[in-house]
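Trainee: I have a model open and would like to learn how to read its annotated residues and the sheet around them. Could you walk me through it?

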Amino acid sequence: MKKAVLTSLFLMLVVSVEAQKLSETERSIISSGGKKDMMRVLQITDPADAKILKGASIDIGLKEELLPLLLDRMLATVNDPANTGVGIAAPQIGINRNVILVQRFDKPGEPFEAYINPKIKWRSALLRKGTEGCLSIADIRGDVLRHYTVELAYYDRNGQHHEEIIEGFTAVIFQHETDHLMGILFTDRLEQQKAIEYSLINGEVNLYLENRLKRQ
Ligand SMILES: [Zn+2]
């Protein structure tokens, strides 16, 4: 009897850590085109789109057969010459799953890379302020405070697990995109930050960066 209870507990545990399979709706959105075909970018002004954009995303199975197509189509979408971005999150194309693409301005050639089930594990107290926009919010830009440095855990498109420390502008993109996975938009951050007092510390601390890294 005791053994049976333990076995069922173990099974429940296995089921809960395994990501939920893609739904029929999710599968049809992803497979509605080929790997070079862009997807429609959801807009906050549309009530049905807003519901998805403000929803929380869940993890995706690393072995999900449509995952490579999803990543390719998200890449085609963020590279749309008419509306280019520096990052994109799966909810923005209608899939509430923890998948983002980020342009790595801190790497040679500034490639776009895919991050599966990303989690920010640590954030610096030091903040930076920078102007942000969003593919899902037309015509609005705003100055958002973001953590200067973050530590990110994620899986790459080959299913390998990584933990990485990221700084500067690239860290801003990671924070913007992982916020999307929690249904948070940069305009929500602007509202939150209105209620908090911040002090500029440039006058107190002499910060330097090598010229070759200045883009960050
Ligand atoms: Zn965005």
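Mentor: Gladly! Keep in mind that this is a predicted model. Let's start with one residue: His176 counts as buried because it has 25 C-beta neighbours inside 10 Å, and the cut-off for buried is 20 or more.

Trainee: Where does His176 sit, and which residues is it in contact with, leaving aside neighbours within four places in sequence?

Mentor: His176 belongs to helix H5, residues 168-181. Beyond its sequence neighbours within four places, it contacts Gly87, Glu132 and Phe186.

Trainee: Which residues does UniProt list for "binding site"?

Mentor: The unreviewed UniProt entry gives Cys134, His176 and His180 under that heading. They are spread over 47 residues of sequence, yet they cluster in space, with a largest C-alpha distance of 10.2 Å.

Trainee: Let's take Cys134, then. Is it buried or exposed?

Mentor: The same count helps here: Cys134 is buried, because 25 C-beta neighbours fall inside 10 Å. Cys134 is part of strand E4, which covers residues 127-134. Setting aside residues up to four places away in sequence, Cys134 touches Leu185 and Phe186. Phe186 also appeared among the contacts of His176.

Trainee: Which residue does the "active site" annotation cover?

Mentor: That annotation, again from an unreviewed UniProt entry, covers Glu177. Glu177 is found in helix H5. Glu177 counts as buried because 24 other C-beta atoms lie within 10 Å. Apart from neighbours within four places in sequence, Glu177 contacts Gly87, Ala89, Ile100 and Val102.

Trainee: How should I read the sheet, and what is its strand order?

Mentor: In general, strands of a sheet pair through backbone hydrogen bonds, either parallel or antiparallel. Here, an open sheet of 5 strands is ordered E1-E2-E3-E6-E7, and the pairing is antiparallel. Its edge strands are E1 (87-89) and E7 (161-167), each pairing on one side only. On average, neighbouring strands are turned by 40° against each other, direction ignored.

Trainee: How many bridges join E1 to E2?

Mentor: There are 3 bridges between E1 and strand E2 (residues 99-103), which run antiparallel. Within that pair, Gly87 stands opposite Val102 in E2. Both Gly87 and Val102 are among the contacts of Glu177.

Trainee: And which strands does H5 touch?

Mentor: H5 packs on the sheet and touches E1, E2, E3 (112-123), E6 (149-155) and E7. The direction of H5 makes about 160° with that of E2.

Definitions and conventions: Residues numbered from 1 in each chain as written. Predicted model: local features only at pLDDT ≥ 70, side-chain atom pairs only at ≥ 80, totals over all residues. UniProt positions renumbered as here; feature names shortened; annotations may be inferred. Helix = DSSP H or I, 4+ residues; strand = E, 2+ residues; numbered from the N terminus. Buried ≥ 20, exposed ≤ 12 C-beta atoms within 10 Å, placed from the backbone. Contact = placed C-beta atoms within 7 Å. Pairing = 2+ DSSP bridges. Axes fitted to C-alpha atoms, helices over the stretch in contact; angles between N-to-C directions.
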